[in-house]
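Subject: Structure handover and notes

Dear colleague,

Here is the structure I promised to pass on to you, with the notes I made while going through it. Please look at it first and then read on.

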Amino acid sequence: MQTHEQRLLIIDDDEMFCHVLSRALSRRGYEVMVAHDADQALTVAAQFVPTMATLDLKLEHSSGLKLLPELLITVPQCRIVVLTGYSSIATAVEAIKLGAVNYLCKPADADDVIHAFEQQEGDPNIELADNPPSINRITWEHIQKVLQEHDGNISATARALGMHRRTLQRKLQKRPVRR
């Protein structure tokens, strides 16, 4: 059981996910607050001063990657785990470079979140994939990388990829392709 010094801020625009995760972590002894957008997250973080935070990569009106450094300025001691249903290698690398301590793909439950915060070092014994990623997965990863390079600007990304903006929007609305 955690002490009440374990203050966790959940930042996610999915209210049901926040409710479920918040309840599960509260039952495990964490003091939990929730924010649904970037402005609310910064306000709550300044007042609540969390020791940990989960941050959704794709908030409704902003990017979790843009919010991450701002959160660390507001609460520098906070350990942040990025959660996303839109995982890619490019966003995982950027999240870690920007100061996240871990990166989890949704669906993730309270145990996954706790484990992500507890994991202090990399695991050199992690299993390597037997087969390379599919061409569809490589395409998804490339789109995410180019989108990141253009600060989430759909039009600039579409131009860089040589595709129509609406086509890119349709591709981005789909879930990432499995390996």
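Is Asp-151 buried or exposed? Please bear in mind while looking that this is a predicted model. Asp-151 is exposed, because its relative accessible area is 57% and the cut-off for that class is over 50%. This residue sits in the loop between α6 and α7, and its phi is positive, at about 50°, although Asp-151 is not a glycine.

Val-49 makes a useful companion to that residue. Its phi, near 50°, is likewise a positive value in a residue other than glycine, and Val-49 is placed in the loop between α2 (38-48) and β3 (52-56). With a relative accessibility of 36%, however, Val-49 counts as partly exposed.

From the loop that holds Asp-151 I went on to the helix that comes after it. At the start of α7, which covers residues 154-161, a side-chain oxygen of Asn-153 comes to within 3.0 Å of the backbone nitrogen of Ser-155. Within α7 itself, Ala-156, Thr-157 and Ala-158 are buried, and the elements that cover the buried residues of this helix include α6 (135-149) and α8 (165-173). After α7 comes Gly-162, which has a positive phi near 70°.

The packing of α6 against α7 can be described in some detail. The two helices meet at an angle of about 125°, and their axes are 9 Å apart; α6 and α7 are therefore oblique to each other, and α6 passes α7 in a right-handed crossing. On the side of α6 the contact is made by His-142, Ile-143, Val-146 and Leu-147, and on the side of α7 by Ile-154, Thr-157, Ala-160 and Leu-161. Sorted by class, this contact has six nonpolar and two polar residues, with no charged ones. The spacing of such positions can be read against a general point: an α-helix has 3.6 residues a turn, so residues three or four places apart point the same way.

A second pair of helices, α1 and α5, also deserves a look. Their packing angle is about 65°, with the axes 9 Å apart, and α1 and α5 are therefore roughly perpendicular to each other. The crossing of α1 and α5 is right-handed. In this pair, Leu-21, Ala-24 and Leu-25 of α1 meet Ala-110, Val-113 and Ile-114 of α5, and the residues of the contact divide into six nonpolar, no polar and no charged.

The next site to inspect is around Asp-12, which is placed in the loop between β1 (7-11) and α1 (15-27). Asp-12 is buried, because its relative accessible area of 1% falls under the 20% cut-off. Its side chain reaches the backbone nitrogen of Asp-14 at 2.8 Å, and a polar contact of 2.6 Å joins the side chains of Asp-12 and Lys-106. Leaving aside residues up to four places away in sequence, Asp-12 touches Phe-17, Cys-18, Ala-35, His-36, Asp-56, Leu-59 and Lys-106.

Asp-56 belongs to strand β3 and, at 5% relative accessibility, counts as buried. When residues up to four places away in sequence are again not counted, Asp-56 touches Ile-11, Asp-12, Asp-13, Gly-64, Leu-83, Thr-84 and Lys-106. Lys-106 is thus listed among the contacts of Asp-12 and also among those of Asp-56.

Lys-106 has a further feature that you may wish to view in the model: the peptide bond from Lys-106 to Pro-107 is cis, with omega near 5°. Pro-107 lies in the loop between β5 (102-105) and α5 (110-118).

Finally, Leu-104 is located in strand β5, and its relative accessibility of 16% places it in the buried class. The C-alpha atoms of Leu-104 and Val-81 are separated by 7.2 Å, although these residues are 23 residues apart along the chain. Not counting residues up to four places away in sequence, Leu-104 touches Val-81, Val-82, Leu-83, Thr-84, Asp-112, Val-113 and Ala-116. Val-113 also appears among the residues of α5 that meet α1.

With best wishes

Technical notes:
Residues are numbered from 1 along each chain as its sequence is written. This is a predicted model: local features need pLDDT of at least 70, side-chain atom pairs count only at pLDDT 80 or more; totals for chains, interfaces and linings use all residues. Side-chain values use heavy atoms; hydrogens and water are left out. Buried means under 20% relative accessible area, exposed over 50%, partly exposed in between (1.4 Å probe, protein chains only). Helices (H or I, at least four residues) and strands (E, at least two) are DSSP runs, numbered from the N terminus. Contact means heavy atoms within 4.5 Å. A polar contact is a pair of N or O atoms within 3.5 Å; within protein, one must be able to donate a hydrogen and the other to accept it, and residues adjacent in sequence count only if both atoms are side-chain atoms. Axes are lines fitted to C-alpha atoms, for helices over the stretch in contact, and angles run from 0 to 180 degrees between N-to-C directions. Angles under 35 degrees count as roughly parallel, over 145 as roughly antiparallel, 65 to 115 as roughly perpendicular and the rest as oblique. A crossing is left-handed if the near helix is turned anticlockwise from the far one by less than a right angle, and right-handed if clockwise. Ala, Val, Leu, Ile, Met, Phe, Trp, Tyr, Cys and Pro count as nonpolar, Asp, Glu, Lys and Arg as charged, and the others, Gly among them, as polar.
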